[in-house]
Amino acid sequence: MSDTGDGWQIARRRKGGRRSKTCQPCLSSACCPEPLDVSRVVRRVRSELRCEEFWDKWREQILVAGSSAPNPPESKDRDGEGNTDVPVSQQWECICYGLGSFSSSVSARYQLAMLLLLLDAKQISVKDCSVYDPVFTSGEIDVLRELGLTVLTDNEEGKRLSTRPTVFYLMHCGKALYNNLLWKNWSKKCLPLMKIIGNSFTSMKERTLEREFKRDYSYIALATAICQERRLPCPSRMVDVFSDTAVITFAAHSLNSLPQSTWTDPPEPEYHHVSDLEIIRGGN
Ligand SMILES: C[S@@+](CC[C@H](N)C(=O)[O-])C[C@H]1O[C@@H](n2cnc3c(N)ncnc32)[C@H](O)[C@@H]1O
C-alpha cells in the first residue's frame, strides 16, 4: 500500500471565495511534508489497485456473479422515443453506503479507489453512483462531487428500493444497514436486481448468536438461505481494507425455496433489543 496521505486534510473553500485548488497542510505536529490532494491520491490508489493480482479476481467474480439471472422486465427507453442502445432496465446504477471518512482513513481511501474501479468494470457512469455516509465532511463531499459521484443528502438508513439493476457497495458496514436494505427490497422482483458487495452474510451468521441473529437481523438470516455468495480475495497487507468481502446475488429460482408467507407484508425492522446498533439513524 503506497498511500501516504494520513495526517493531511482537504483544503476547504474559503468563505465567499473560489474553491482553492491546492490543499492545506494540517497544523498538527504529526504533519506530513506536503499537502494531501485527496482526489489525486484516490486516482493514484486506483491505478495501484488496478495492477494488483487480487483486483483481476474481484473483477472476474463481480462480472460473473448473478450473470445467469434473467433480465428484469424493461421499463421505458432513456428518452421515451426508443432512441437508446441499452434498455433502461439493463443500465446499472450503484449505491455506496458507509465508506467512512476518506480524508483521514487510508482504508476508506482504498475503498473509494476500489469503488471507482468497480464502476469502470461494470461500465457504470460515475454520476449513476450515489454515495452516502453521515460522517462525510463538506470537504469530502466536494471531493466526491469533483470525482463526478452523486452525493446523497438524506440518511436513508439503507432503505433504498432497487427499481433497476443496482450494485450496493457497503464495506464493513453495520448489520442493520444490510438488514434494512434487504427489507426494503424483500420481494421476488427486487432481490434479483441487487448485487451487494460487502461483508459476507455467512460470516455475520457465524459471528452472531443464532437466536439474536434471527430476531434482530431476520432478513440477513433469511438471505443466507437463498443468496449466492462469492468470496473476494484479500491480500494479507490489506485485511483492514478488504477483509471478509463477498459479492452477494439472488437468483430468481432460489427465492422459491422460502415459504410464500415470508414474502407477504414483511415487517420493517425495529431493533428494540439491539444495544449497539452500529449505524447512525436518520431523523424520522
Ligand atoms: C465500521 S465503519 C466502516 C468505514 C469504512 N468503510 C472502513 O471500512 O473503514 C461504518 C461506516 O458506516 C457509516 N454509517 C453509519 N450509519 C450509516 C447510515 N445510516 N448510512 C450510511 N452509512 C452509515 C459510518 O459513519 C461509518 O463510516
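**Exercise 1. The shell around the ligand**

How many residues in the shell around the ligand are nonpolar, how many polar and how many charged?

*Solution.* This is a predicted model, in which local features need pLDDT of at least 70, side-chain atom pairs count only at pLDDT 80 or more, and totals for chains, interfaces and linings use all residues. Residues are numbered from 1 along each chain as its sequence is written.

Step 1: a residue is near a molecule if its C-beta atom, placed from the backbone, lies within 6 Å of it. There are 20 residues around the ligand, and G98, G100, H172, I279 and I280 come nearest.

Step 2: sort by class, where Ala, Val, Leu, Ile, Met, Phe, Trp, Tyr, Cys and Pro count as nonpolar, Asp, Glu, Lys and Arg as charged, and the others, Gly among them, as polar. The shell then holds eleven nonpolar, seven polar and two charged residues.

Step 3: look at the helices and strands, which are DSSP runs numbered from the N terminus (helices H or I, at least four residues; strands E, at least two). Helix 3 (residues 106-121) gives the largest share of the shell, three residues.

**Exercise 2. The sheet**

Find the order of the strands in the sheet, and explain why strand 3 and strand 6 each have one side without a neighbour there.

*Solution.* Step 1: two strands pair if DSSP finds at least two bridges between them. Seven strands form an open sheet with mixed pairing, in the order 3-2-1-4-5-7-6.

Step 2: strand 3 (150-151) and strand 6 (228-231) stand at the edges with a single partner strand each, so one side of each is left without a neighbour in the sheet.

Step 3: compare the pairings, recalling that strands of a sheet pair through backbone hydrogen bonds, either parallel or antiparallel. Strand 1 (residues 93-97) and strand 4 (residues 166-170) run parallel and are joined by five bridges, with T166 in strand 4 as the bridge partner of E93. Strand 5 (residues 194-199) and strand 7 run antiparallel, also joined by five bridges, and here K195 has T249 of strand 7 as its bridge partner. Strand 6 pairs with strand 7 in the antiparallel sense over four bridges, and Q228 stands opposite T249.

Step 4: a residue is buried if 20 or more other C-beta atoms lie within 10 Å of its own, exposed if 12 or fewer, and partly exposed in between, with C-beta atoms placed from the backbone. In strand 7, five of its five residues are buried; T245, V247 and T249 point one way, and A246 and I248 the other way.

**Exercise 3. Helix 5 and W183**

Decide why helix 5 counts as largely enclosed, and which residues W183 is in contact with beyond its neighbours in sequence.

*Solution.* Step 1: nine of the ten residues of helix 5 are buried, so the helix is largely enclosed by the rest of the structure. The cover over these buried residues includes strand 1, strand 4, strand 5, helix 6 (201-207) and helix 8 (218-226).

Step 2: W183 lies in helix 5 (residues 175-184) but is partly exposed, because 18 other C-beta atoms lie within 10 Å.

Step 3: contact requires C-beta atoms, placed from the backbone, within 7 Å. Leaving aside neighbours within four places in sequence, W183 is in contact with Y219, P266, E268 and P269. The C-alpha atoms of W183 and E268 are separated by 6.7 Å, although the two residues are 85 residues apart along the chain.

Key. Two residues are in contact if their C-beta atoms, placed from the backbone, lie within 7 Å.
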